Structure formats: C-alpha cells, structure tokens
Amino acid sequence: MTAVSLGMPAAPAPQLAPRRKSRQIMVGSVPVGGGAPVSVQSMTTTLTADINATLQQIAELTAAGCQIVRVAVPSQDDVLALPAIAKKSQIPVIADIHFQPKYVFAAIDAGCAAVRVNPGNIRQFDDKVKEIAKAASDAGVPIRIGVNAGSLDKRLLAKYGKATAEALVESALWECSLFEEHGFRDIKISVKHNDPVVMIRAYRQLAERCDYPLHLGVTEAGPAFQGTIKSAVAFGALLAEGIGDTIRVSLSAPPVEEIKVGNAILESLGLRERGLEIVSCPSCGRAQVDVYTLAEQVTAALEGLPVPLRVAVMGCVVNGPGEAREADLGVASGNGKGQIFVKGEVIKTVPESQIVETLVEEALRLADQMGAELPEELRELITGPTVTVH
Ligand code: SF4
C-alpha cells in the first residue's frame with residue numbers, strides 16, 4: 001500500500017494584477033466590488049410571470065453555481081410574480097426594467113435585491129430619478145445602470161454616430177450623475193457591446209473614470225461556441241487587468257451553460273478556486289492510446305466531484321509522466337498499459353482497459369480524504385486499499 005500525502009488543497013493561483021479598487025454594493029447577500037470575489041450571474045429565459053417555471057430555472061442555475069440571477073419584467077403580470085420569486089429564490093434576484101418607471105418601485109417593494117435600468121430606454125425616467133433614488137435608498141436596494149449598444153440613448157447616438165466606447169461610457173456616467181445629484185451612489189455599471197474590442201475599451205475607460213463596481217458582459221455574444229470565445233477573450237483581458245466585479249456570459253444557449261462558462265473563466269484566471277480540472281494532452285503521432293476517448297470518459301465519470309482536483313490524462317511516456325506527476329492524479333499511457341500517478345508517485349500500472357476505472361477510483365479516494373461528501377454507492381467503490389502492482 002502506498003502512503004499518499006494529501007496536504008491541503010492547492011492555494012488559489014496567483015493573480016495577474018491587483019483588483020481595481022471599487023466601492024462595494026450588496027446585491028442581497030452577495031457583495032459586489034470592494035475586493036469581494038468576482039460573482040457569476042445569469043438571466044432566466046422563462047416568462048417571469050410563470051412563477052414555477054422561473055423558480056425551477058433559478059434552482060437549476062443555483063445548482064450550477066449562479067450567484068445572482070436577473071429576471072425580465074416587461075409586463076404587469078411579471079411585476080405581480082416578483083414577490084414570490086424574490087422570496088423563494090435561494091439567490092438574489094435582480095429585476096430588469098425598461099420603459100416603465102412604476103415597475104422599478106414595484107420591484108423594490110417586491111423584495112428584489114437590485115434593479116437594472118437602461119439609460120437608453122428610460123429617458124422618461126429622468127424626472128423620476130429623485131423618487132427612485134429615495135425608494136432604493138430606503139430599501140437598501142442598489143441600481144445597475146446597464147448601458148447596451150443596441151439601445152443607446154438617441155442623443156448620444158447622434159453625437160457619436162454609433163455606439164462607440166466613448167458613447168457607452170458617457171451614457172453610463174451621465175445616468176450615474178442623475179442619481180448622484182440625489183446623493184445615491186449604490187450603483188454598479190455595465191456597458192455592453194457585441195464587439196469585445198469596443199467592450200474592453202469602454203470598461204477600461206469606465207474603470208479610470210469612476211469607482212463604481214463593474215458588471216462585465218459582451219452582449220448578444222452569439223451561440224455557445226462564439227459567445228464563449230468572445231466572453232472569455234473580453235473578460236479575460238479585463239479581469240487580468242483587475243477590472244470587473246461581477247460577470248454575465250450571454251449565450252444563445254440555456255442559461256446554465258452561461259454559468260458553466262462564467263465559472264470556468266474565473267477558475268482559469270485563478271479568481272476562483274479550481275474545481276475538477278482535466279489536463280489532457282492534444283494527442284499526436286506518439287500517442288499509444290485513444291487520448292480523446294480516455295479524457296472524455298474520465299471527465300464524464302468525475303463530473304460534479306466537489307473538490308479541487310487536477311487529473312492528467314496523457315497519451316504517451318514522452319511528456320506524460322511529467323504532467324501526471326505534477327497533477328493530483330494522472331495517467332501516462334503506453335504499450336497497452338497506464339502508469340497511474342497519485343500526488344507525484346506511481347502507485348500502480350494497469351492494463352489500458354482499466355485506466356478509466358482506476359483513475360475514477362483513485363479520484364474518489366482523494367475526494368473522500370479531502371472531506372467531500374460522497375454518495376454511498378460511490379463510497380463503496382473505494383473501500384479497498386490501494387495496491388501497488390508495478
Ligand atoms: S503526451 Fe505524448 S501523445 Fe500526448 S501530445 Fe505529448 S507527446 Fe503526444
């Protein structure tokens with residue numbers, strides 16, 4: 001039996017830049033800005049008025065790691081659903097409101113954790129800012145000023161010709177100034193554009209010109225593949241500079257996918273503790289096993305394991321042993337066999353047909369030793385001792 005030193009879970013990766021200093025707001029129980037961890041949000045796609053469907057989707061998002069959820073409020077029926085949704089959701093609910101100032105007051109009364117307003121769609125709000133600021137302030141509810149390239153204030157569109165970074169920033173700061181006139185600064189800002197280059201420039205300018213927390217988003221980013229790339233590139237550039245306090249990945253895909261991508265972006269940048277991480281080689285002419293299938297099978301078998309674990313799946317003995325040794329757990333394959341590494345030590349060599357089951361068993365054993373709560377049927381898989389069979 002091989003003794004395995006587990007130690008503590010690995011410390012978070014060092015960050016690329018200090019976080020930008022911003023004021024902190026509370027979106028319900030979730031702090032945003034002021035050094036709080038970057039939070040991940042999404043938006044429901046159900047009819048908000050359908051309370052059960054919306055709560056069901058919020059529950060799925062919560063299970064996937066969503067920390068704040070936004071719901072659209074385009075009609076009176078949606079307004080009527082807000083109290084039940086705000087009360088029963090396990091995560092803070094933001095009401096997304098355009099055009100109708102009265103819905104802002106209703107959302108605050110309903111117990112929503114924040115309200116999003118869009119300066120481009122709320123010109124008729126301008127004379128209501130004083131009342132909105134008072135109601136939000138009295139209730140301790142922050143406001144997100146959410147500028148969107150597709151609905152830029154017409155005055156700014158005329159001034160700049162199109163939704164430039166400067167136009168987006170001017171729109172946001174102008175709206176902030178209306179609230180500031182009434183002493184209200186419980187604000188976060190987003191300036192979304194579908195072009196990551198414009199979006200990055202806009203957020204950089206905003207970061208220079210105010211200390212409000214920033215909500216990052218690439219709007220209308222597209223279907224899953226394109227949207228993931230755009231969001232990862234844009235958020236990555238900004239977060240690597242310390243800019244960004246909360247993120248929403250917008251995909252033309254189920255919102256749970258947005259949360260998976262958002263969490264993965266934060267994990268990649270060391271802004272969140274990494275969960276399960278599969279390090280698999282791209283395979284090449286030296287590969288002596290089917291690396292793609294092996295990596296897929298291991299990923300599928302370990303999905304959802306609630307511990308930070310790095311598992312290396314390597315195709316041959318050229319780079320394989322090095323990577324496998326660096327990981328918590330790994331396999332270097334070759335000659336119809338797999339050398340299984342745990343915490344840098346070879347603990348056994350198994351036939352190729354047993355690589356997946358052995359990796360899974362050892363991963364579960366590590367997770368158990370790290371204190372993960374495993375279902376009984378999984379725990380049964382790891383009751384036997386680790387046997388060395390070099
Ligand atoms: S580990 Fe081996 S098979 Fe995989 S890419 Fe590197 S050299 Fe090729």
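The protein chain in this predicted model splits into two parts, domain 1 (25-269) and domain 2 (277-382). Measuring from centre to centre of their C-alpha atoms, domain 1 and domain 2 sit 40 Å apart. Domain 2 also ties in with a database entry: an unreviewed UniProt annotation, "domain: IspG C-terminal", covers residues 277-362. That span is 31% helix and 34% strand, and the C-alpha atoms at its two ends lie 15 Å apart.

Next up is the ligand. The residues around it are Cys281, Pro282, Ser283, Cys284, Arg286 and Ala287, together with Met314, Gly315, Cys316 and Asn319. Sorted by character, this shell comes out as six nonpolar residues, three polar ones and one charged one.

Salt bridges turn up as well, and a search of the whole structure finds 17 of them. One joins Arg20 to Asp245, with 3.7 Å between the closest N and O atoms. This pair links distant parts of the chain, as the two residues are 225 residues apart. Arg20 belongs to the segment before E1, while Asp245 is in the loop between helix H8 (224-240) and strand E10 (246-248).

On the other side of H8 there is a proline to look at. Pro223 is found in the loop that runs between strand E9 (215-217) and H8. Leaving out residues up to four places away in sequence, Pro223 touches Thr228, Leu251 and Ser252. Pro223 and Val233 are 10 residues apart along the chain, and their C-alpha atoms are separated by 15 Å.

How far can the model be trusted? For the protein chain, the mean pLDDT is 89, and 92% of the residues reach 70 or more. Confidence is highest in strand E1 (residues 25-27), at 98, and lowest in helix H13 (residues 376-379), where the mean is 72. Two stretches need a bit of caution. Over residues 1-11, pLDDT stays under 50, and the model has 16 contacts beyond four places in sequence for them. Residues 385-390 also stay under 50, with 18 contacts beyond four places in sequence. Where pLDDT is low, the predicted coordinates should not be read in detail.

How values were computed
Residues are numbered from 1 along each chain as its sequence is written. This is a predicted model: local features need pLDDT of at least 70, side-chain atom pairs count only at pLDDT 80 or more; totals for chains, interfaces and linings use all residues. Side-chain values use heavy atoms; hydrogens and water are left out. Domain bounds come from an automatic or database domain assignment. UniProt positions are given in the numbering used here, feature names are shortened, and annotations may be inferred rather than shown by experiment. Helices (H or I, at least four residues) and strands (E, at least two) are DSSP runs, numbered from the N terminus. A residue is near a molecule or strand if one of its heavy atoms lies within 4 Å of it. Ala, Val, Leu, Ile, Met, Phe, Trp, Tyr, Cys and Pro count as nonpolar, Asp, Glu, Lys and Arg as charged, and the others, Gly among them, as polar. pLDDT is the predictor's confidence in each residue, from 0 to 100. Contact means heavy atoms within 4.5 Å. A salt bridge is a side-chain nitrogen of Lys or Arg within 4 Å of a carboxyl oxygen of Asp or Glu.
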